[in-house]
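Please load the model and keep the selection tool at hand, since each stop below begins with something to pick out. The tour goes from an annotated range to two pockets.

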Amino acid sequence: MNTDRPKIVLLYQSLLGIYGDHGNAVVLTKRLQWRGIDAELVTVEPGQKVPTDGAVYLLGGGEDTAQITAVQELKADGGLFTALDDGAMLFAVCAGYQICGKSFTIGAHDEVIEGLGLLDAETRRGPQRAVGEVLHIWTQPDGNTCPITGFENHGGWTELGSDAKPLAAVEVGWGNGNRRDEGAVQGRVIGTYPHGPVLARNPQLADHVLDMALGRHLEPLDIPEITALRQRRIDAARTSRP
Ligand code: GLN
């Protein structure tokens with residue numbers, strides 16, 4: 001990995017691209033460029049080789065059947081696994097998060113599909129679809145808490161095993177489905193349910209991903225418009241659900 005010219009690698013938008021999560025890749029690239037770091041956004045589609053020298057890899061939300069193809073392609077390619085072994089970060093949202101686990105179910109007959117096995121997590125169809133604005137409380141590495149704003153839209157509910165830790169605690173919404181914990185962290189893999197894109201609404205989380213990828217603490221970058229937008233969405237979540 002080249003930390004002077006970090007590559008932000010957006011994976012399989014044609015499969016996992018229907019919720020606008022490509023914005024996470026744009027946000028990471030821009031937040032590096034705004035700090036004078038010569039970051040490059042690389043997009044990879046199925047059939048193209050996944051580069052192994054990326055700093056951060058991103059997966060987004062999508063429909064159930066596309067998840068099966070994404071798993072098959074990523075396993076056949078192997079590049080993502082090599083990159084993670086070499087110290088890259090993976091940030092995965094919703095369908096992308098679910099496929100990182102050990103297994104997930106698809107379709108009316110709840111066929112069990114083996115996932116990428118990067119997270120100690122299993123996803124099964126929940127008793128109802130989780131839809132709406134969310135608010136989660138993330139404890140940052142320094143111990144301070146930070147609200148995470150976004151919206152969720154998923155039928156799969158995810159249960160974590162002991163090797164994965166929740167990313168955040170649920171204040172508003174369903175999170176992993178139990179209304180208690182949200183997302184998963186294991187090593188250099190972060191999975192989370194919120195769209196938004198979540199890294200646009202939560203620059204603190206974006207910078208955490210970048211800090212981990214580059215192995216250093218980036219200087220603060222406060223943008224008043226983002227702070228104002230973020231606050232509006234936090235207020236909307238608090239008033240949208242009982
Ligand atoms: N298809 C998955 C589900 O419904 C993921 C949906 C999504 O990515 N928003 O659980």
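Begin by selecting residues 7–202, the range that UniProt, in an unreviewed entry, lists as "domain: CobB/CobQ-like glutamine amidotransferase". In this predicted model, the chain over residues 7–202 is 22% helix and 39% strand, and the C-alpha atoms at the two ends of that range stand 21 Å apart.

Next, go to the largest pocket, whose volume is about 440 Å³. To centre the view on this pocket, select Q140, P203, Q204, D207 and H217, which are the closest to its centre among the 21 residues that line it. Then colour α6 (203–214) and α7 (224–240), the elements that each give two or more residues to this lining; the largest share, five residues, comes from α6. If you colour the lining of the largest pocket by residue class, you should find eight nonpolar, five polar and eight charged residues.

Now move to the second largest pocket, which holds about 240 Å³ of space. Here the residues to select are D64, Q98, R129, G155 and G156, since they lie nearest the centre of this pocket among the 20 that line it. The elements that give two or more residues to the lining of the second largest pocket are the helices α2 (64–77) and α4 (95–100), together with the strands β5 (103–106), β7 (121–139) and β8 (145–160). Colouring by class once again, you should find four nonpolar, ten polar and six charged residues in the lining of this second pocket.

Technical notes
Residues numbered from 1 in each chain as written. Predicted model: local features only at pLDDT ≥ 70, side-chain atom pairs only at ≥ 80, totals over all residues. Heavy atoms only, no water. UniProt positions renumbered as here; feature names shortened; annotations may be inferred. Helix = DSSP H or I, 4+ residues; strand = E, 2+ residues; numbered from the N terminus. 1 Å grid on protein atoms, 1.4 Å probe; cavity = no way out; pocket = protein on both sides within 12 Å on 5 of 7 lines; lining within 4 Å. Points joined across faces, edges and corners; volume = space filled by probe spheres on them. Nonpolar A, V, L, I, M, F, W, Y, C, P; charged D, E, K, R; others polar.
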